[in-house]
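Here are my notes on the model you sent round. Have the structure open while you read.

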Amino acid sequence: MKYFISHEAFAKKEAVKFKELLLEYNNEHKLYLTSDWNSLSCGNIWMSDIFIELQECDELLVLITRQDAFDNLWINFEIGAAIGRKLKPKIFIFGEIDFSYIKYPIKGIHCIATGDTNRWTEELQKLDYDIKDHIPFSLLFKQNLCPNCGSTNQQYLEGCLTCKDCGASRCG
Ligand SMILES: [Zn+2]
């Protein structure tokens, strides 16, 4: 399988780390990331490389680490290309980005809140990544630490992000 990881240049560090973490669990799938040299071969025309990968990938994973990413032309272009091929992009929303700011086309897609450990591990499982240790990922999605005890172990309960260790709820 080929998975294309879409992200904005601002989130390059997170995207590279995300790819590294996934590779620790499974290196059979090809992960395409525009910001690392293993994905873009030297001497190739990078734009045509991206077009080819968008046409060939089996899944599009989108990393949203800040509000501005919703306006990023590349991210929207890559999502549009995937939808045009009838793929359902998996959109990982880091931290506490307000979902009400989400615009089309992302608005029409079911987004994955990374604060909810059950939810994102389940999505990665569908891609063949059986995440045994969620902490390195949760630290990457760093805005998600429990404000009360710093735990990464959180879950949405009745619409509220709730810490499974100390019980603190973000809804007060
Ligand atoms: Zn807590």
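The points below go from the overall fold to single residues.

1. Ground rules. This is a predicted model, so local features are taken only at pLDDT of at least 70 and side-chain atom pairs only at pLDDT 80 or more, while totals for chains, interfaces and linings use all residues. Residues are numbered from 1 along each chain as its sequence is written.

2. Overall layout. The chain has 5 helices and 7 strands; both are DSSP runs numbered from the N terminus, with helices being H or I of at least four residues and strands E of at least two. Reading from the N terminus, the order is β-α-β-α-β-α-β-β-α-α-β-β. The radius of gyration of the chain is 16 Å, close to the 16 Å that the globule rule gives for 172 residues, so the chain is as compact as a globular protein of that length. (The radius is taken over C-alpha atoms, and the rule is 2.2 Å times the number of residues to the power 0.38.) Along its principal axes, the C-alpha trace spans about 50 × 35 × 25 Å.

3. Burial and contacts. Of the 172 residues, 31% count as buried. Buried stands for 20 or more other C-beta atoms within 10 Å of a residue's own, exposed for 12 or fewer, and partly exposed for anything in between, with C-beta atoms placed from the backbone. Among contacts with a separation of 6 or more, 53% come from residues 24 or more positions apart; a contact needs C-beta atoms, placed from the backbone, within 7 Å.

4. The parallel strands. Strand 1 (residues 2-6) pairs in the parallel sense with strand 2 (residues 30-33) over 4 bridges, and I5 stands opposite L33 there. Pairing here takes at least two DSSP bridges between the strands. Strand 1 also pairs in the parallel sense with strand 3, again over 4 bridges, where S6 faces V62. Strand 3 in turn pairs with strand 4 in the parallel sense over 4 bridges, with L61 opposite K90. The path from strand 3 through helix 3 to strand 4 is a right-handed β-α-β crossover. Strand 1, helix 1 and strand 2 make a right-handed β-α-β unit as well. Right-handed is meant in this sense: with the strands pointing away from the viewer, the path from the first strand over the helix to the second runs clockwise.

5. Strand 3 and S6. In strand 3, 5 of the 6 residues are buried, so the strand is largely enclosed by the rest of the structure. S6, in strand 1, is buried too, with 30 other C-beta atoms within 10 Å. Leaving aside neighbours within four places in sequence, S6 contacts L60, L61, V62, I75, E78 and I79. The C-alpha atoms of S6 and L140 are separated by 16 Å, with their positions 134 residues apart along the chain.

6. Helix 1 has two sides. Its buried residues are A15, F18, K19 and L22. They cover an arc of only 95° around the axis, which puts them on the same side of helix 1; the arc is that of the directions from the helix axis to the C-beta atoms. K13 and E24 are exposed on the other side. What do the buried residues of helix 1 pack against? They pack against strand 1, strand 2, strand 3 and helix 5. The length checks out as well: at 1.5 Å a residue, 14 residues should span 20 Å, and the end C-alpha atoms are 21 Å apart, which agrees. (The expected span is 1.5 Å times one less than the number of residues.)

7. Helix 2 (residues 46-56). I50, E53 and L54 are its buried residues. They cover an arc of only 100° around the axis, which puts them on the same side of helix 2. S48, F51, I52, Q55 and E56 are exposed on the other side. The buried residues pack against strand 1, strand 2 and helix 3.

8. Two backbone spots to look at. K86 is not a glycine, yet has a positive phi of about 65°. K86 sits in the loop between helix 3 (73-84) and strand 4 (90-93), and is exposed, with 6 other C-beta atoms within 10 Å. D128, also not a glycine, has a positive phi of about 85°. Its loop runs between helix 4 (117-126) and helix 5 (135-140), and D128 is partly exposed, with 13 other C-beta atoms within 10 Å.

Key
Contact = placed C-beta atoms within 7 Å.
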